[in-house]
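Open the model in your viewer and show it as a cartoon with side chains available. The stops below go from a helix to two loops.

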Amino acid sequence: MSLLCIALILTLASSVYSDVNSTPPPLTVRVYASISSNVTLPCLVQHSSGMMSFGSNGMRVKWTKLGADESLDEDVLTSMGFHKKSYGRFEDRVFLQDTHDEDASLVITDVSMDDMGRYRCEVINGMEDTIQEVTLGVLDNISSSDGVVFPYSPPVGRYNLNFHEAEQACLDQDAVVASFDQLYEAWRGGLDWCNAGWLSDGTVQYPITKPREPCGGANAVAGLRNYGLRDKDTSLFDVFCFASALKGHFYWLVQPERLTYDEAVQACLDDDAEIAKVGHMFAAWKLQGYDRCDAGWLADGSVRYPISTPRKNCSPTEAAVRFIGFPDKSQKLYGVYCFKAQQ
């Protein structure tokens, strides 16, 4: 009987010891924030029994932004007692909430689209480890119905933009890199494009409404083809841009003769305007029903024209912004579209 009692006591002790030292499985939560706002990613320190631990001065806390693989992980913040350090693009933008001793929640200020993604909170507090994952979604505050998504590639040809160049390319066209939600709504509205492009969350995707062999296979279902997260510095693709409703007047400039690119730029300036950008044309076409069957220069050196009513010799099968290309700028073969911003 005595041996049985000793064995029982040892078994219970072993069970308690195992509970104290085991690491509970990571918890996962999802939070959302708007661009330029502040957001708190929750991380509360708990015992495996569910009771909170004590004494944040002795806690070691590490926050990490998780990449597609470990090599792409980013250090966000580390803390031990009064010593805290933030890293890289998070420097001076993040801090621990510290509302009480058991709180390792992270506050991110001035949220941007680049902050979207998965974060891991790791806390070592005595014999207890806490691991929690938080997914941050960033809302761009722009409804898809307030603008238009359009694919864009530079004059040098398709698949030549890393993510940072893609961001600049959209800005140059008076637009921003489209979000997944905006591309999804555009696909539901009929956008079909067989070239992959960057989205604001760092993924590369393209929308297919009519499945066919070169675009994922003829037997594949319609939808968004997703290449997943890509390296923002080395991966090269096109980009999907999002242009908001126009804050100004987009128009065809009537001229007695065709113009070179430089003459087109000057003609708009002489009319107290600027040569229109690609985003201006797409916004006028999609949101205002602008329709004109004249090919004209745009600011990026491309030549395009917008057709809202399909017809012979213009765009016989669909409403679209027709793309002529990036011709020799010295050619006097085209007119020009101009844009006057609201005063």
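Begin by selecting Val278, Gly279, His280, Met281, Phe282, Ala283, Ala284 and Trp285, which are the buried residues of α5. The coordinates you are looking at are a predicted model. Now extend the selection to residues 278-288 to display the whole of helix α5, which is mostly covered, with 8 of its 11 residues buried.

What covers the buried residues of α5? Add the strands β10 (147-152), β15 (238-244) and β16 (248-252) to the view, then β19, β20 and β21 (335-341); the cover of the buried residues includes these six elements.

Step off the end of the helix next. Glycine 289 comes just after α5 and takes a positive phi of about 70°.

Go on to aspartate 272, in the loop between α4 (261-270) and β17 (274-275). Its phi is near 60°, a positive value in a residue other than glycine. Is aspartate 272 buried or exposed? Exposed residues have over 50% relative accessible area, and aspartate 272 has 66% relative accessibility, so it counts as exposed.

The last stop is asparagine 313. Select the loop between β19 (303-307) and β20 (320-325), where asparagine 313 is found; β19 and β20 are among the elements covering the buried residues of α5. Asparagine 313 has a phi near 70°, again a positive value in a residue other than glycine. Its relative accessibility is 68%, and therefore asparagine 313 counts as exposed.

Notes. Residues are numbered from 1 along each chain as its sequence is written. This is a predicted model: local features need pLDDT of at least 70, side-chain atom pairs count only at pLDDT 80 or more; totals for chains, interfaces and linings use all residues. Side-chain values use heavy atoms; hydrogens and water are left out. Helices (H or I, at least four residues) and strands (E, at least two) are DSSP runs, numbered from the N terminus. Buried means under 20% relative accessible area, exposed over 50%, partly exposed in between (1.4 Å probe, protein chains only). Contact means heavy atoms within 4.5 Å.
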